[in-house]
Amino acid sequence: MTGDSAAVPVIAIDGPSGTGKGTVANHVARSLGFHLLDSGALYRVLGIAVAKRGIDLQDVDTVAAVARDLDLEFGSSGPGSIHLNGEDVSLEIRTDLGSDMASRVGAIPQARAALLERQLAFRKPPGLVADGRDMGTVVFPDSILKIYLTASAEERANRRYKQLIDKGMDVKLPALLQDLTERDARDSERSISPLKPAADAFVLDTTTLSEKQVMDRVMEMVSRALEQA
Ligand code: C5P
């Protein structure tokens, strides 16, 4: 990291899936005019790239090489869009396969190391909002504000269920809950960068909060952190 990029403020928003992290991170980035890093999307693209090429996950050196060489383009067909080797994979990475493969490649230390530089490169003036699992603990430990959003597994599965039903998808709540619980376990139990709040993170349990209440509390924390930075 250069001296210049270290001066660029980072707001880290971590937590398990289904806590609304992405929506919150988006909102904060837009309100402040900051850049946004959706680090989960990087793990998802890597997972999809590995699956497309039929690479064995035990072959960690090849997975890491794929991670280093990913040819990615962000935002070229709208906000949040991602192209891999010129192909729009924005929807594909959000499938169950994308989620599953992301958490599998995310457990490989060599893959995490290979994605680190790419994540650090998002730190540009005037600032960055970084959304993920280890933004506050590993990638940007000097963030000016670290928020860890959480909610009960049942509530997170319920939210995801409603989102998918609204999109017209045929999903079953028990299967979603099981998938989410398995992914949580894999993310929390891995030896490298396990999912856990940074010691200096504000933990916000959103189980009983509305989206607006979460946004209001987060924006309060953001304003305070920027005043003190
Ligand atoms: O945030 P999202 O649900 O898109 O992340 C998908 C998966 O990618 C997570 O379940 C996790 O295994 C992995 N991930 C990670 N580290 C991050 C972001 C995501 O290991 N910083």
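Buried here means under 20% relative accessible area. Keep that cut-off handy, because several stops on this tour turn on it. One more thing before you start clicking: this is a predicted model.

**Stop 1: the ligand and its shell**

Select the ligand and show what is around it. You should get 16 residues, with Arg 44, Arg 112, Asp 134, Arg 183 and Asp 187 as the closest. Colour the shell by residue class and it splits into nine charged, four polar and three nonpolar residues.

Now zoom in on the individual contacts. Pick Arg 44: an N or O atom of its side chain sits 2.6 Å from an oxygen atom of the ligand. Hop over to Arg 183, where a side-chain N or O atom is 2.8 Å from a ligand oxygen. Then take Asp 134, which has a polar side-chain atom 2.9 Å from a nitrogen atom of the ligand. Of the 460 Å² of accessible area that the ligand has on its own, the protein covers 96%.

Switch to cartoon. Which helices each supply at least two residues of the shell? Look at α3 (39-52), α5 (96-105) and α9 (173-189). The largest share belongs to α3, with four residues.

Next, colour by domain: 10-34 + 126-229 for domain 1, and 38-123 for domain 2. Why does the ligand lie between them? Both domains give residues to the shell, so the ligand ends up between the two.

**Stop 2: Asp 134 and its partners**

Stay with Asp 134, in the loop between β6 and α7. With a relative accessible area of 3%, Asp 134 is buried. Add Arg 112 to the selection, and you'll see the two side chains meet in a salt bridge, 2.9 Å from N to O. Arg 112 belongs to helix α6 (residues 109-120) while Asp 134 is in the loop between β6 (128-132) and α7 (135-139), so the pair ties together parts that are 22 residues apart in sequence. Both partners are buried.

Asp 134 has another contact worth showing: its side chain makes a polar contact with the side chain of Ser 193, at 3.4 Å. Click on Ser 193 itself, in the loop between α9 and β8 (202-205). Check its backbone too: phi is near 45°, a positive value in a residue other than glycine. Is Ser 193 buried or exposed? Its relative accessibility is 11%, so Ser 193 counts as buried.

**Stop 3: more salt bridges**

The structure holds 16 salt bridges. As background, side chains of opposite charge can pair when their charged atoms come close.

Go back to Asp 187, one of the closest residues to the ligand, and add Arg 190. Their side chains meet in a salt bridge at 3.5 Å, N to O. Asp 187 counts as buried at 5% relative accessibility, and Arg 190 is buried as well, at 10%.

For a contrast in setting, select Glu 220 and Arg 224. This salt bridge is 3.8 Å, N to O. Both residues lie in helix α10 (residues 211-228), four residues apart, which is about one turn of the helix. Glu 220 is partly exposed at 48% relative accessible area, and Arg 224 is partly exposed at 41%. Then select Lys 52, Glu 87 and Glu 92: salt bridges that share partners join them into one network.

While α10 is on screen, pick Met 221, also found in that helix. Met 221 is buried, with a relative accessible area of 11%.

**Stop 4: backbone details**

Centre on Pro 125 and Pro 126. What joins them? A cis peptide bond, with omega at about 5°. Pro 126 is found in the loop between α6 and β6.

Now move to Asn 85, in the loop between β4 (82-84) and β5 (87-88). Asn 85 is not a glycine, yet its phi is positive, at about 50°. This residue is exposed, with a relative accessible area of 56%.

**Last stop: Ser 17**

Finish on Ser 17, in the loop between β1 (10-14) and α2 (21-32). Ser 17 is buried, at 12% relative accessible area. Draw a distance from its C-alpha to that of Ser 99: the two are 82 residues apart in sequence and 9.8 Å apart in space.

Note on methods: Residues numbered from 1 in each chain as written. Predicted model: local features only at pLDDT ≥ 70, side-chain atom pairs only at ≥ 80, totals over all residues. Heavy atoms only, no water. Near = heavy atom within 4 Å. Polar contact = N/O pair within 3.5 Å; in protein donor to acceptor, adjacent residues only side chain to side chain. Areas by Shrake-Rupley, 256 points an atom, 1.4 Å probe, with all protein chains shown as cover. Nonpolar A, V, L, I, M, F, W, Y, C, P; charged D, E, K, R; others polar. Domains from an automatic or database assignment. Salt bridge = Lys/Arg side-chain N within 4 Å of Asp/Glu carboxyl O. Buried < 20%, exposed > 50% of the residue type's maximum accessible area, 1.4 Å probe, protein only.
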